[in-house]
Amino acid sequence: MDFGFGPKDDLFRREARAWLKAHLGGTPNRRDWERTLGRDGWIGLGWPEDGYGNRRAGLTRQVVWAEEYARSQAPPRCGHIGENLLAPTLIAHGTPEQKARFLPPIARGDELWCQGYSEPGAGSDLAGLRTTAVRDTPDTYRITGQKIWTSLAHEADWCFVLARTDPASRRHHGLGFLLVPMDQPGRIEVRPIRQLTGTSEFNEVFFDGATARAEHVVGGEGGGWRVAMSLLGFERGVSTLAQQVGFARELGEVVRTAVATGAADDPVVRDRIVRQWAELRAMRWNALRTLGDTADAGAPSVAKLLWGRWHRRLGELAMEVRGAAGAVGPADWSPTAPYELDALQHLFLFSRADTIYGGSDEIQRTIIAERVLGLPKEPRGAQG
Ligand SMILES: Cc1cc2nc3c(=O)[nH]c(=O)nc-3n(C[C@H](O)[C@H](O)[C@H](O)COP(=O)(O)OP(=O)(O)OC[C@H]3O[C@@H](n4cnc5c(N)ncnc54)[C@H](O)[C@@H]3O)c2cc1C
């Protein structure tokens with residue numbers, strides 16, 4: 001499909017590819033990698049404002065960079081939350097002072113962020129959150145409560161926290177969107193959650209009177225819900241296409257394994273493989289078609305439903321083609337120590353989460369039902 005890539009985009013592609021080739025390989029850790037990307041202007045390509053050391057790039061070049069990044073098998077970005085979620089939110093809702101304080105270190109890869117939305121009793125029903133932020137001095141808030149599933153909190157320097165600033169308020173009223181420094185010993189405790197995969201990408205985060213500065217409330221006191229929802233709108237876009245490059249690589253691995261194990265001789269397996277391939281093509285065309293189109297209210301939910309299910313099915317297919325060997329863990333497996341899985345086992349286990357995070361399948365269907373099809377709103381009980 002011609003997405004309007006021109007000769008200058010091809011040049012840009014060559015530049016991106018060459019840069020990645022030259023810089024991958026010797027990178028010591030993920031944080032240093034972020035700084036290397038930042039130093040050479042590869043963070044914040046899509047920001048409408050420059051002057052932060054970032055290159056400015058239109059949509060086609062953002063796609064090119066994202067695709068080349070995924071193709072190069074560079075490390076997963078631990079700066080993703082700051083760059084792709086918080087930065088666009090600050091650009092849309094932040095004060096000039098907030099932008100000047102927080103955008104440059106994100107662009108340099110110096111400050112990492114995590115997202116403090118979900119709580120034990122408030123995931124899909126985010127408006128039920130109970131964390132409070134009390135104005136204790138003219139300049140500060142004190143935050144008390146618990147967040148959960150907080151990806152990368154163990155590495156992050158800052159957390160954007162959705163909390164109740166007005167104790168008398170209910171649901172989505174009276175909330176604040178606060179930028180909170182994580183280095184507050186005794187007041188912020190991060191406890192990693194061990195996952196099926198044996199790794200701990202996300203955490204519980206406990207706030208016990210943690211401090212946030214009043215000037216670091218984005219969107220004003222009580223404006224938290226609007227800001228928080230606007231941020232969720234940035235959880236998609238160009239990165240979908242990069243994600244699909246990764247999906248294609250995983251599918252390639254499944255195909256190679258199916259051939260090697262003989263599973264590819266089974267007509268049912270062949271049918272499932274071809275189906276995965278065809279659906280991935282359709283998802284790519286759909287992503288290109290809807291890129292930059294903010295008018296289609298259902299597009300993000302449709303895309304999420306398609307890829308979440310697709311990826312989970314790919315994980316199941318991966319185990320099928322591995323055969324019995326897929327169910328065998330590492331020899332040194334222990335319920336308490338980290339363990340290594342091979343790529344297909346990791347794919348199978350981690351993809352179980354794909355229909356949950358970023359809004360579960362049920363929630364995406366509700367959005368489509370209410371906002372696109374105009375069905376009556378679902379009953380929300382006394383709280384609604
Ligand atoms: C890998 C991963 C990373 C995450 N990272 C973060 C992060 O960095 N920061 C953060 O804040 N959160 C994060 N989350 C949390 C994620 O946003 C929540 O898990 C998600 O919103 C679902 O909330 P919940 O887990 O509380 O499930 P619940 O909301 O309790 O839902 C349980 C089940 O009930 C269904 N359900 C709930 N309400 C309805 C309804 N009204 N109608 C029909 N069905 C319904 C859901 O679809 C689901 O199947 C992450 C989650 C995962 C899996």
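Is Asp110 buried, partly exposed or exposed, and at what relative accessibility? The close-up views described below come from a predicted model, and the view centred on this residue is taken up at the start.

**View A. Surroundings of Asp110 in the loop between H5 and S1**. With a relative accessibility of 25%, Asp110 counts as partly exposed, because partly exposed covers the range between the 20% limit for buried and the 50% limit for exposed. The side chain of Asp110 makes a polar contact of 2.8 Å with the side chain of Arg108. When neighbours within four places in sequence are left aside, the residues in contact with Asp110 are Arg31, Arg35, Pro105 and Asp157. Pro75, which stands 35 residues from Asp110 in sequence, is 17 Å from it in space, as taken between the C-alpha atoms.

**View B. Helix H2, residues 30–39, with its N-terminal cap and the elements that cover it**. At the N-terminal end of H2, Asn29 acts as the cap, with a side-chain oxygen placed 3.0 Å from the backbone nitrogen of Arg31. The buried residues of this helix are Trp33, Glu34, Thr36, Leu37 and Gly38, and what covers them includes helix H1 (7–23), H3 and H5. Just after H2, Gly41 adopts a positive phi of about 80°.

**View C. The largest nonpolar core and the contacts of Leu86**. This core holds 30 residues, of which Trp47, Leu86, Trp113, Tyr117, Phe160, Phe177 and Leu179 touch the most other members. Two or more residues are given to the core by each of helix H4 (80–93), helix H5 (96–108), strand S4 (158–164), strand S5 (175–181) and helix H6 (224–232), and H4 gives the most, with 6 residues. Beyond its neighbours within four places in sequence, Leu86 is in contact with Ile81, Ile106, Trp113, Phe160, Phe177, Leu179 and Leu231.

**View D. His216 in the loop between strand S7 (202–213) and strand S8 (217–218)**. His216 has a relative accessibility of 10% and therefore counts as buried, the limit for that class being under 20%. Apart from neighbours within four places in sequence, the contacts of His216 are with Gln98, Phe102, Trp158, Phe177, Leu178 and Leu179. Among these contacts of His216 are Phe177 and Leu179, both of which are also listed among the core residues that touch the most other members.

**View E. The ligand and the residues that surround it**. The ligand is surrounded by 16 residues, the closest being Ser118, Ser124, Trp149, Ser360 and Glu362. By class, this shell comprises 7 nonpolar, 7 polar and 2 charged residues. Strand S3 (140–151) and helix H11 (361–372) each supply at least two residues of the shell, and S3 gives the most, with 3 residues. A polar side-chain atom of Ser360 lies 2.5 Å from an oxygen atom of the ligand, while an N or O atom in the side chain of Glu362 is 2.6 Å from a ligand oxygen atom. From Tyr117, a backbone N or O atom lies 3.0 Å from an oxygen atom of the ligand. The ligand taken alone exposes 970 Å², and the protein buries 66% of that area.

**View F. The pairing of Asp125 with Arg171**. Asp125 lies in the loop between strand S1 (113–116) and strand S2 (132–137), and its relative accessible area of 36% makes it partly exposed. The side chains of Asp125 and Arg171 are joined by a polar contact of 2.7 Å. These two residues are 46 residues apart along the chain, and their C-alpha atoms are separated by 9.4 Å.

**View G. Positive phi values at Gln73 and at Leu152**. Gln73, although not a glycine, has a positive phi of about 60°, and it is found in the loop between helix H3 (59–71) and H4. Leu152, likewise a residue other than glycine, has a positive phi near 65°, and its place is in the loop between S3 and S4. Gln73 is exposed, with a relative accessible area of 54%, whereas Leu152 is buried, with a relative accessible area of 14%.

Technical notes
Residues are numbered from 1 along each chain as its sequence is written. This is a predicted model: local features need pLDDT of at least 70, side-chain atom pairs count only at pLDDT 80 or more; totals for chains, interfaces and linings use all residues. Side-chain values use heavy atoms; hydrogens and water are left out. A nonpolar core is a set of buried Ala, Val, Leu, Ile, Met, Phe, Trp, Tyr and Cys residues joined through side-chain atoms within 4.5 Å. Buried means under 20% relative accessible area, exposed over 50%, partly exposed in between (1.4 Å probe, protein chains only). Helices (H or I, at least four residues) and strands (E, at least two) are DSSP runs, numbered from the N terminus. Contact means heavy atoms within 4.5 Å. A residue is near a molecule or strand if one of its heavy atoms lies within 4 Å of it. A polar contact is a pair of N or O atoms within 3.5 Å; within protein, one must be able to donate a hydrogen and the other to accept it, and residues adjacent in sequence count only if both atoms are side-chain atoms. Accessible areas come from the Shrake-Rupley method with a 1.4 Å probe; for residues, only the protein chains shown count as cover. Ala, Val, Leu, Ile, Met, Phe, Trp, Tyr, Cys and Pro count as nonpolar, Asp, Glu, Lys and Arg as charged, and the others, Gly among them, as polar.
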